[in-house]
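Reader: Please take one loop residue in this model and look at it closely. Then work outward from there to the rest of the chain and to whatever is bound.

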Amino acid sequence: MADKYTKAIRLADVPMDKGAMNRAETGLSQLDHPLGGGLVSGSVVLIGGDPGVGKSTLAITACAAFANGDRKVLYVTGEESLQQIRMRADRLGVARDTLMLLASTDWDHIESEARDSGAYVLVIDSAQTCRIPGLTSIPGSVEQVREVAHRSRQLATDTHIAIVLIGHSSRSTELAGPLVLEHFVDTVLDFEHDGRSSLRTLRTMKNRFGEAGELGLFEMTAKGLVEVLDPSKRLLVARNAKASGTAVVATVEGTRPVLVEVQALVGRPSADVPPRHFVGVEPVRTSMLAAILQNNGLDIYNRGLYVNTGAGYRLIEPGADLGVTAAFASSLLKQPVNENTCVFGEVGLVGQIRPVRHPGRRFEEALRQGFTRVICPQENVDEAPEGVEACGVASVRDVLAELF
Ligand code: TYD
Ligand code: MG
């Protein structure tokens, strides 16, 4: 614990505690990636998500993968019985001898078992079921959950155990969601799904040991949670390249390039408020892109507009703008985008196309998936590798001229 009389020292004189900064791969690349390369000993990680998204399945799968390397893992459940966990682990085919289980909701009990266990990782599923003895508030309340995070922090610093807290997203005011915990932990990962597809994304919201915005992809199957090792391939699998109203966009999440199909349907003009239904894209931004197209000569704004992304994948980075724009234009004009063409770029309000980060990675990924022509911001053209024809565009009108 910090002593208030400790003297300030020079940065160079700070002793390096090597044991505290070990990073270990978990055995699941789609978890290691969002973690920034693996689990750092002595750190506290929060994995948040809606109930039912698959947090416990992810946790037990990761624990088993990790324990496979002879490292001890302690998985604490406050929600399920040990028999339920065993049955799930057996069914997933992941049972390992070095995986220790504890069913408890009492913090002091959990802490003492963790200290005795010699584990590298402690998973607490969930932070909301954990109870701090002595506090009168109910488990899951803001006070309790904060204290769980605070004590986890102390325990991790003290023992160098990496602690993974599982947190349910909560819309109720009585139960505290992961938001309450974010300040107290080193890394926050969000486990998401769109409610319909089997795809699950794990995104880095905060990371003291790596980049935010990183991404891992999984698929929930009858045999458990399976890693998606080639995301672009998975997200393009149902693509109908010959149809109008679809475009492939080369995005980058964190440092990782992913190709995604965007589908748009532009309906008939409507005198009333036209229907709009957007899945996987940000509604306000998508309406804005339609308004920009309207300003650039396409009669689109007063029509019904629908947008979908491959497997409901959530497109949140600016470079995806050009994908939505291209899909809208293709649907309205009833012309398919050339099969071998993909796009990326940010669209500004007055119709200018802005450069984006990591153009090189986007080109490389496009090429790897067989796209030989890429429509992109003028400023990003130079980064195109051999084998890719880069069509630099400066405005939405240029895009319309290059698309078909
Ligand atoms: P779970 O991990 O319990 O979710 P959380 O901990 O986030 O609340 O998993 C929830 C759902 O996942 C459950 O409804 C069933 C489904 N599921 C599968 O489809 N396949 C599987 O192998 C497992 C274990 C779960
Ligand atoms: Mg659970």
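**From one residue outward**

Author: G319 lies in the loop between β15 and α8. The model is a predicted one, and every value below is computed from it. Is G319 buried or exposed? Its relative accessibility is 0%, and since the cut-off for buried is under 20%, G319 counts as buried. Its C-alpha atom is 43 Å from that of D90, and 229 residues of chain separate the two. D90 falls within α3 (82–92), one of the elements that supply at least two residues of the shell around ligand 1.

The elements on either side of this loop both take part in the largest nonpolar core. That core has 43 residues, and those with the most contacts inside it are Y313, L315, F328 and L403. At least two core residues come from each of β10, β12 (246–253), β13 (256–269), α7 (283–295), β15 (303–309), α8 (321–333), β20 (389–393) and α10 (396–403). Which element gives the most to this core? It is α8, with seven residues. F328 falls within α8, and L403 is the residue at the end of α10.

Helix α7 is also one of the core's contributors. A290 is found in α7, and it too counts as buried, at 0% relative accessibility. The C-alpha atoms of A290 and P318 are 15 Å apart, with their places 28 residues apart along the chain. Beyond α7, N296 sits in the loop that leads to β15. N296 is buried, though not fully, with a relative accessible area of 12%. What does its side chain reach? It reaches the backbone oxygen of I292, at 2.8 Å, and I292 falls within the range of α7.

Strand β10 links this part of the description to the ligand. It supplies at least two residues of the core, and also at least two of the shell around ligand 1, as do α2 (55–67) and α3. The shell has 15 residues, of which G52, K55, S56, T57 and T221 are the closest. By class, five of the shell residues are nonpolar, six are polar and four are charged.

Three pairs of atoms describe how the protein meets ligand 1. A polar backbone atom of G52 is 2.7 Å from an oxygen atom of the ligand. For R88, a polar side-chain atom lies 3.1 Å from an oxygen atom of the ligand. T221 brings a polar backbone atom to 2.9 Å from a nitrogen atom of ligand 1. On its own, the ligand has 560 Å² of accessible area, and the protein covers 72% of this.

Among the ligand's closest residues, K55, S56 and T57 are also among the buried residues of α2. The list of buried residues in α2 goes on with L58, A59, I60, T61, A62, C63, A64, F66 and A67. Because 12 of its 13 residues are buried, α2 is largely enclosed by the rest of the structure. How does the length of α2 compare with what its 13 residues should span? At 1.5 Å a residue the helix should span 18 Å, and its end C-alpha atoms are 18 Å apart, so the two agree. An α-helix has 3.6 residues a turn, so residues three or four places apart point the same way.

Some backbone details remain, each in a loop. Going from D125 to S126, the peptide bond is cis, with omega near 10°. S126 belongs to the loop between β6 (121–125) and α5 (142–159). In the loop between α5 and β7 (162–168), H160 has a positive phi, near 65°, although it is not glycine. H160 is partly exposed, at 26% relative accessible area. A positive phi, near 50°, also occurs at H358, again a residue other than glycine. H358 is found between β18 (353–354) and α9 (359–368), and it is partly exposed, with a relative accessible area of 24%.

For the chain as a whole, the secondary structure comes to 10 helices and 20 strands. The C-alpha atoms fill a box of roughly 70 × 50 × 40 Å along the principal axes. Of the 404 residues, 51% are buried, and G319, where this account began, counts as buried too.

How values were computed
Residues numbered from 1 in each chain as written. Chains lettered and ligands numbered in written order. Predicted model: local features only at pLDDT ≥ 70, side-chain atom pairs only at ≥ 80, totals over all residues. Heavy atoms only, no water. Near = heavy atom within 4 Å. Polar contact = N/O pair within 3.5 Å; in protein donor to acceptor, adjacent residues only side chain to side chain. Areas by Shrake-Rupley, 256 points an atom, 1.4 Å probe, with all protein chains shown as cover. Helix = DSSP H or I, 4+ residues; strand = E, 2+ residues; numbered from the N terminus. Nonpolar A, V, L, I, M, F, W, Y, C, P; charged D, E, K, R; others polar. Expected span 1.5 Å × (residues − 1). Buried < 20%, exposed > 50% of the residue type's maximum accessible area, 1.4 Å probe, protein only. Core = buried A, V, L, I, M, F, W, Y, C linked by side-chain atoms within 4.5 Å.
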